[in-house]
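Thanks, everyone, for making the time. I would like to walk through one structure this morning, starting with its annotation and then moving through the packing and a few individual residues.

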Amino acid sequence: MIKDLEIREATLEDLTEITSIFRDTVRAINSRDYSEKQIDVWSSGADDTEIWENRINDLYFIVAEFKNEIVGFAHITKGCNLDGLYVHKNYQRRTIGSKLLRIAESHIMAEGYEVINADSSITSVDFFDSHYFEQIKKQKKSYKGKGFAYSIFSKEL
Ligand SMILES: CC(C)(COP(=O)(O)OP(=O)(O)OC[C@H]1O[C@@H](n2cnc3c(N)ncnc32)[C@H](O)[C@@H]1OP(=O)(O)O)[C@@H](O)C(=O)NCCC(=O)NCCS
């Protein structure tokens, strides 16, 4: 568990740190559950700078900072969909994901929604289970021509 973790809204100055975490976490952590080719395609999303800029500008996008280093981030789309949640590969299982989720849930509730939805990778199923989400269904989505298995989770707030 990490004390002195600060959660704040992201700015464009955080772009490089955010995309590095995304790339490294997908390669180091999600690679347990997906093929090498899938991981290459997924992690290449880190290079789509304009998409990340738009996310930071347009979405509720938060980062967790520890000793001036970003160690995780989350963003919400369509009011109540937790669309991305990534923790630095060297800071896994130290409650950072739980804290980001809690702040995201507070934001969603403050916006008047009574439910939170999340697309979960195979890797994060146990995380959402442990936070009382219900698995709605398993699906496959296509990203850059590759198929990815994932689950849709939901929870009443
Ligand atoms: C999913 C993720 C965000 C969780 O962040 P985290 O900071 O490691 O999670 P926490 O430390 O808050 O975990 C809280 C609880 O969730 C459960 N949990 C989290 N990761 C788990 C894992 N890999 N296996 C089993 N249980 C897990 C545990 O119950 C854990 O409590 P414990 O450590 O006391 O046992 C992180 O593992 C991650 O970045 N994964 C890769 C990216 C990803 O797949 N994101 C999901 C959206 S696509």
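Let me begin with the record: the unreviewed UniProt entry carries the annotation "domain: N-acetyltransferase", and this covers residues 5–157. Please keep in mind throughout that what you see is a predicted model. Across residues 5–157 the span is 35% helix and 36% strand, and the C-alpha atoms at its two ends lie 24 Å apart.

Turning to the interior, the largest nonpolar core has 24 residues, and those that touch the most other members are Leu5, Val71, Leu82, Tyr91, Ile96 and Phe133. At least two residues of this core come from each of strand 2 (60–66), strand 3 (69–77), strand 4 (81–87), helix 4 (96–110), strand 5 (115–121) and helix 5 (125–130), with helix 4 giving the largest share, five residues. If you pick out leucine 82, leaving aside residues up to four places away in sequence, you will find that it touches Ala74, His75, Ile76, Leu101, Ala104, Ile116, Asn117, Ala118, Asp119 and Phe128. There is also a second, separate core of 19 residues, which includes Ala10, Ile18, Phe22 and Val26.

Phe22 and Val26 bring us to a helix pair, since both take part where helix 1 meets helix 2. How do the axes of these two helices cross? Helix 1 (residues 15–28) and helix 2 (residues 36–44) have axes that come within 9 Å and cross at roughly 170 degrees, which makes helix 1 roughly antiparallel to helix 2. On the helix 1 side the contact involves Phe22, Arg23, Val26 and Arg27, and on the helix 2 side Ile39, Trp42 and Ser43; by class, that is four nonpolar, one polar and two charged residues.

Next, phenylalanine 127, which sits in helix 5: is this residue buried or partly exposed? Its relative accessible area is 21%, so phenylalanine 127 counts as partly exposed, the cut-off for buried being under 20%. Apart from residues up to four places away in sequence, phenylalanine 127 touches Leu85, Gly97, Ser98 and Leu101.

Finally, a word on backbone angles. Most residues other than glycine have a negative phi. Lysine 78, however, in the loop between strand 3 and strand 4, has a positive phi of about 45 degrees, and this lysine is exposed, with a relative accessible area of 73%. Lysine 144 has a positive phi of about 50 degrees and lies in the loop between strand 6 (134–143) and strand 7 (146–156), where its relative accessible area of 46% makes it partly exposed.

Note on methods. Residues numbered from 1 in each chain as written. Predicted model: local features only at pLDDT ≥ 70, side-chain atom pairs only at ≥ 80, totals over all residues. Heavy atoms only, no water. UniProt positions renumbered as here; feature names shortened; annotations may be inferred. Helix = DSSP H or I, 4+ residues; strand = E, 2+ residues; numbered from the N terminus. Core = buried A, V, L, I, M, F, W, Y, C linked by side-chain atoms within 4.5 Å. Buried < 20%, exposed > 50% of the residue type's maximum accessible area, 1.4 Å probe, protein only. Contact = heavy atoms within 4.5 Å. Axes fitted to C-alpha atoms, helices over the stretch in contact; angles between N-to-C directions. Parallel < 35°, antiparallel > 145°, perpendicular 65-115°, else oblique. Nonpolar A, V, L, I, M, F, W, Y, C, P; charged D, E, K, R; others polar.
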